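Open the model in your viewer and keep the selection panel at hand. The tour goes stop by stop, with what to select and what to look for.

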Amino acid sequence: MLTTILLLACDSMDKDSPGAQPSFGDGFLWGASMAGFQVEAGCPTIAANDCEDRYSDWYQWVTDPDLIADPSTHLSGEPLSDAPGHYELYEEDFARATDLGLGGVRVSIEWSRLFPDGIAEGAETVEDLAGRANPLALTYYHAYFDQIAAAGLKPVVTLNHYTLPLWLHDGKACHADIDGCEDRGWLEPDRLIPQIALYSAFCAQEFGDRVDMWATLNEPLAVVLSGYLLPSADRTNPPGVSNPAYAIEVLYNQAEGHAAMYDAIKAHDVVDADGDGENSSVGVVDNLVALKPLDPASDLDAIGVENANYVYNLAFLNAVIRGEFDRDLDGVAEDIRPELVGKMDYLGVNYYTRITIRGLTVPLLGGYEKFTFYPEVVFEDYPDGLYEVSVLGASYGLPIFITESGKADPGDDAGDTWLRPHLAALLRAYNEGIDVRGFFYWSLIDNYEWNHGMGMRFGLYAVDTATKERTLRPIGEDYRAIVSSGRP
Ligand code: BGC
């Protein structure tokens, strides 16, 4: 009894008061993330033709035999039929999230499911576009969001988690000839941005009665690094080329795309789905990295870290939040865009790794002053990094959510060795007053990990590729305990 009273007393203490038992507050949103392309395929009974979304650039990227045979794409070639089949099994997957005690789930809408072909491009108004939507997909997403609500979960909906409709981006043609290809995705801003804004308006109007929290784009820098600058075995995104000038264009085109999507959602989500007084909260999801010098005593490495921080972490945030475009990446924004400012309600932060940096005397990319670094070690588990990126993200003055963080192939002890230390670091930021409002583990279930196929497993639930059976991993048990107590 005495222990109970003491625990209750501790719980009600202010989180900053000395001696308080540190825990995340009641309003903290615990969740798990997924992305449509990564989990939908592999249905146990629905025909592959309906289950798989065959009209996206990513479908083409992972299934085209020529691309798979091309060593520069680093594609596993694993068939999409090995994926978890969430398109069919979503109801039970959401029940699993509820069973873990989660309050939220991050999912994506697949643009090319709703608008598989170029007839969408002729539309000029939302109503016109609505008439061109694939009725099967429309019915599916309504049922999907109804189910999230029935499971008592708050949806955080990503409108663009990498995948673009094939009619806007032919990754294969652009991989072969980036200058000459026809459907050039993010390299055709005058075409893509109005289209993605109209699609966002449509989704906001159609699903706004179920969804309040929207994420426009997922990890713009990953699209750039793995698609246009440094595709590698770690990650290739279509079109998988190395072209610094195009890479920078794509980075800034995404900042403009976000702003157009923001305005479209704000204008068309007219329903307050969760009754909190706001129809919509719109942000972008950005991946931030922690950094360290290869040699702590080296000045060159220290400058390399500073510059890497600018390129990896700051350049996109400066653009999307402050309207500062630094197209030659020299650290000084020469193009200031006041009309893009004020179009972020929150910042979604994805955190996975600390990168070890070696400083260079000559920039790795000629003409770009800040590229005086080489990433020596790209993957390192570093729990304190979650503290560091939270502080960095919040320094832009917006509420933040950790929209992804997770451990690949988590061993049985990953709850203690990975999850608790990461969440302890996040709690430290929270207790210091950093405005972090939620944590979403990546991922609820094992997913098709882009070019790796099912070769990297992130799930709280393991998925059997043949039977589609889900099994809670020990890290999932640990997450449930943490969520229930509010403390790592
Ligand atoms: C992406 C996810 C991906 C995860 C793990 C993030 O880059 O948003 O789609 O599966 O990291 O690699």
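**Stop 1: an aromatic pair.** Select Tyr144. At 4% relative accessibility, Tyr144 counts as buried (buried is under 20% relative accessible area, exposed over 50%, partly exposed in between, with a 1.4 Å probe and protein chains only). Add Tyr90, which is buried too, with a relative accessible area of 14%. Tyr90 sits in helix H6 (residues 86-99) and Tyr144 in helix H9 (residues 135-150), so their pair ties together parts that are 54 residues apart in sequence. Helices (H or I, at least four residues) and strands (E, at least two) are DSSP runs, numbered from the N terminus.

**Ground rules.** This is a predicted model, where local features need pLDDT of at least 70 and side-chain atom pairs count only at pLDDT 80 or more, while totals for chains, interfaces and linings use all residues. Residues are numbered from 1 along each chain as its sequence is written, and side-chain values use heavy atoms, with hydrogens and water left out.

**Stop 2: confidence.** Colour by pLDDT, the predictor's confidence in each residue, from 0 to 100. The chain mean is 95, and 96% of residues reach 70 or more. Now select residues 1-21. Their pLDDT stays under 50, and the model has 12 contacts for them beyond four places in sequence (contact means heavy atoms within 4.5 Å). Where pLDDT is low, the predicted coordinates should not be read in detail.

**Stop 3: more rings.** The whole structure yields 36 aromatic pairs. Rings of Phe, Tyr and Trp (its six-membered ring) pair if their centres lie within 6.5 Å; planes under 30 degrees apart count as stacked, over 60 as edge-to-face and the rest as tilted. Return to Tyr90 and Tyr144: their ring centres are 5.1 Å apart and their planes at 65°, so the pair is edge-to-face. Next, pick Phe371 and Phe373. Their ring centres are 5.6 Å apart and the planes at 20°, so this pair is stacked. Phe371 is buried at 8% relative accessible area, and Phe373 is buried at 3%. For a cluster linked by ring pairs, select Phe24, Phe28, Trp30, Trp418, Tyr430, Phe439, Tyr441 and Tyr479.

**Stop 4: the largest pocket.** Rolling a probe the size of a water molecule over the atoms shows where empty space is left. On a 1 Å grid over the protein atoms alone, a cavity is a set of points where a 1.4 Å probe fits but cannot get out; a pocket is an open set with protein on both sides within 12 Å along at least five of seven lines; lining residues have an atom within 4 Å of a point. Grid points are joined across faces, edges and corners, and a volume is the space filled by probe spheres set on the points.

The largest pocket holds about 960 Å³ of space. Which of its 39 lining residues are closest to its centre? Select Asp234, Arg235, Thr353, Val378 and Phe379. Then show helix H12 (220-229) and strands S5 (281-293), S8 (346-359) and S9 (373-377); each supplies at least two lining residues. The lining has 21 nonpolar, 10 polar and 8 charged residues. Here Ala, Val, Leu, Ile, Met, Phe, Trp, Tyr, Cys and Pro count as nonpolar, Asp, Glu, Lys and Arg as charged, and the others, Gly among them, as polar.

**Stop 5: the cavities.** There are 4 cavities of 30 Å³ or more. The largest has about 90 Å³ of space. Its lining includes Leu221, Leu329 and Phe371. H12 and helix H13 (244-268) each supply at least two residues of that lining, which is made up of 12 nonpolar, no polar and no charged residues.

The second largest cavity has a volume of about 70 Å³. Among its lining residues are Asp57, His169, Pro238 and Pro239.

**Stop 6: backbone oddities.** Most residues other than glycine have a negative phi, and most peptide bonds are trans. Zoom to Pro238 and Pro239: the peptide bond from the former to the latter is cis, with omega near 10°. Pro239 lies in the loop between H12 and H13. The bond from Trp442 to Ser443 is also cis, with omega near 15°.

Go back to Leu329. Its phi is positive, about 45°, although it is not a glycine. Leu329 is buried at 4% relative accessible area. End at Trp450, with a positive phi of about 50°. Trp450 is buried, with a relative accessible area of 2%.
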